[in-house]
Amino acid sequence: MSTTYTIDRLGHLGDGIVADTGNGPLFAPGALPGEEVTGSPRSDVLTDLRIVTPAPVRVRPPCPHAKACGGCQLQHAAEDFVAEWKRDVVVAALAAHDLETPMRPVATSPARSRRRATFSARRTKSGALAGFHQKKSDTVVAVPGCLVVHPDLLAALPLAEALAVAGGSRKGELSVSVTRSDTGLDVSVTGGKPADAALRTTLADLARHHDLARLSWGVDETLERRPPRHRLGTADVVPPPGAFLQATPQGEAALQDAVLEATDGARRVADLFAGCGTFALPLAARAEVLAVEGSREMCAALDRGWRHGTGLRHVSTAARDLFRDSLTAEELSGFDAVAIDPPRAGAAAQMAQIAASDVARVAHVSCNPQTFARDCAALVRAGFRIDWVQVVDQFRWSTHVEIAAALSRA
Ligand SMILES: C[S@@+](CC[C@H](N)C(=O)[O-])C[C@H]1O[C@@H](n2cnc3c(N)ncnc32)[C@H](O)[C@@H]1O
């Protein structure tokens, strides 16, 4: 039976939520706060949903693929609303630890600016199809008009399909990660058949035909036509295939500015979870840096970039598992500041060591509001204050939240 409900808020996955139905919350996919909707509850989801009174912040999804594609969750909401919602998600996560802090305006990356994306590619009866997954499904949707990724990445969709034809298994799916480097596209494929001589020849032909900088097939095959370089500060870095890089150049610049500001004046900085040097290399223009990162290959890329960079102070790198073997409070002594950018799990063990050290400033970058708030709380308990927090939205139209923050203690 269809019933009328009013949406109270937006959940973490972008669904509208009716908070109190007497039977627990109800999730209303695609609905926005304040909207009056009708639908039939099935378990905790509202099905046959109809929007009766649209919210003023509801917009026509700008992307032609918004209905089918699962890549974006918030195409139907105005940009300012999404920015404010992401900011509120962070405020609420901090409030859950009794933390309050000045929030800076959200820095949202423009449309068509994503410089790395992973397409799914499948063989079909008539050839192959590459794109993103449909909402909550394994089905691949073609996305030639995607508004998120850079046009150079979209131009690689035919390549992804050709790769599936050449080396995809009949039932499986290729994961084709495409990164836009300063010297051309860097493509890294997983999920394909083992490369034999014929496939190697086809891969070489495809790399040449699409003028790729580099094409990697699985972990063993890499064809480098030009080193795929990324400018980080005054250094050029060639990341290993599939390495982490910030999602948009604008997001990367905003995070770098935030880290530089939060560590301003520091003469020795430890950059933890350093990747290929997104922060370490710009920091090295004015400070000595110790960059610690779990991946040996990324450390080596950072080190090579630094050795060929200009006007940089000393950067030492260490490949180390910071979850199991955090930098200790003693090892941190002598550092004026720490930049830390852990994966989604956060860095509870490492934060405990920073809390016990005499480090006075922390630039905290995070992609998870919950672990961000938990880790900030550990520092605040040790006498830090959160000076400011900024949401850097490199994942517009999605529910993903990226955060930069400055913490300091006297
Ligand atoms: C969010 S990325 C940040 C990278 C870098 N700061 C940047 O902005 O490009 C997190 C980094 O942590 C590294 N990482 C993941 N688990 C780790 C661990 N247990 N110990 C050390 N580094 C780890 C990943 O390889 C990745 O480079």
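**Exercise 1. Work out where Lys-125 sits and whether it is buried or exposed.**

Start with the location: Lys-125 lies in the loop between β8 and β9. Those labels come from DSSP, where helices are H or I runs of at least four residues and strands are E runs of at least two, numbered from the N terminus. Before going on, note that this is a predicted model, in which local features need pLDDT of at least 70, side-chain atom pairs count only at pLDDT 80 or more, and totals for chains, interfaces and linings use all residues. Residues are numbered from 1 along each chain as its sequence is written, and side-chain values use heavy atoms, with hydrogens and water left out.

Next, the surface. The cut-offs are under 20% relative accessible area for buried, over 50% for exposed and partly exposed in between, with a 1.4 Å probe and protein chains only. Lys-125 has 91% relative accessibility, so it counts as exposed.

Last, a distance to try in the viewer: from the C-alpha atom of Lys-125 to that of Val-392 is 42 Å, with the two positions 267 residues apart along the chain.

**Exercise 2. Lay out the seven-stranded open sheet: what is the strand order, and which strands stand at the edges?**

Step one is the order, which reads β10-β9-β8-β11-β12-β13-β14, with mixed pairing. Two strands pair here if DSSP finds at least two bridges between them.

Step two is the edges. β10 (140-142) and β14 (221-224) each have a single partner strand, so one side of each is left without a neighbour in the sheet.

Step three is the twist: on average, neighbouring strands are turned by 30° against each other, direction ignored. Axes are lines fitted to C-alpha atoms, for helices over the stretch in contact, and angles run from 0 to 180 degrees between N-to-C directions.

Step four zooms in on one pair. β12 (residues 184-190) and β13 (residues 214-217) run parallel and are joined by four bridges. Within that pair, Asp-186 has Arg-214 of β13 as its bridge partner.

Step five adds the helices. α3 (residues 157-167) packs on the sheet and touches β8 (116-124), β9 (127-133), β11 (173-181), β12 and β13, its direction making about 125° with that of β9. α4 (residues 197-209) also packs on the sheet, touching β13 and β14, and makes about 150° with the direction of β13. Contact means heavy atoms within 4.5 Å.

**Exercise 3. Which residue forms a salt bridge with Asp-186, and are the two buried or exposed?**

First, the rule: a side-chain nitrogen of Lys or Arg must be within 4 Å of a carboxyl oxygen of Asp or Glu. It gives 23 salt bridges.

Asp-186 pairs with Arg-214, and their closest N and O atoms are 2.7 Å apart. The two belong to strands β12 and β13, 28 residues apart. Asp-186 is buried because its relative accessibility is 6%, and Arg-214 is buried too, at 4%. Follow the links outward and you get a network of salt bridges holding Asp-186, Arg-214 and Glu-224.

Now set another pair beside it. Arg-122 forms a salt bridge with Glu-173 at 3.2 Å between the closest N and O atoms. This one ties strand β8 to strand β11 across 51 residues. Arg-122 is partly exposed at 25%, and Glu-173 is partly exposed at 23%.

**Exercise 4. Find the largest nonpolar core and say which element gives the largest share.**

A nonpolar core is a set of buried Ala, Val, Leu, Ile, Met, Phe, Trp, Tyr and Cys residues joined through side-chain atoms within 4.5 Å. The largest has 44 residues, and Leu-94, Leu-272, Val-338, Ile-340, Ile-354 and Val-362 have the most contacts inside it. Elements giving two or more residues include α1 (79-95), β17 (268-272), α9 (369-381), β22 (385-393) and β23 (403-408). The largest share, seven residues, comes from α1.

Take Leu-272 as a sample: leaving aside neighbours within four places in sequence, its contacts include Val-292, Leu-322, Val-338, Ile-340 and Ile-354. A second, separate core has 38 residues, among them Phe-132, Leu-153, Leu-157 and Ala-160.

Finish with α1. Its buried residues include Phe-81, Trp-85, Val-89 and Leu-94. The buried residues of α1 pack against β2 (9-10), β7 (103-108), α9, β22 and β23.
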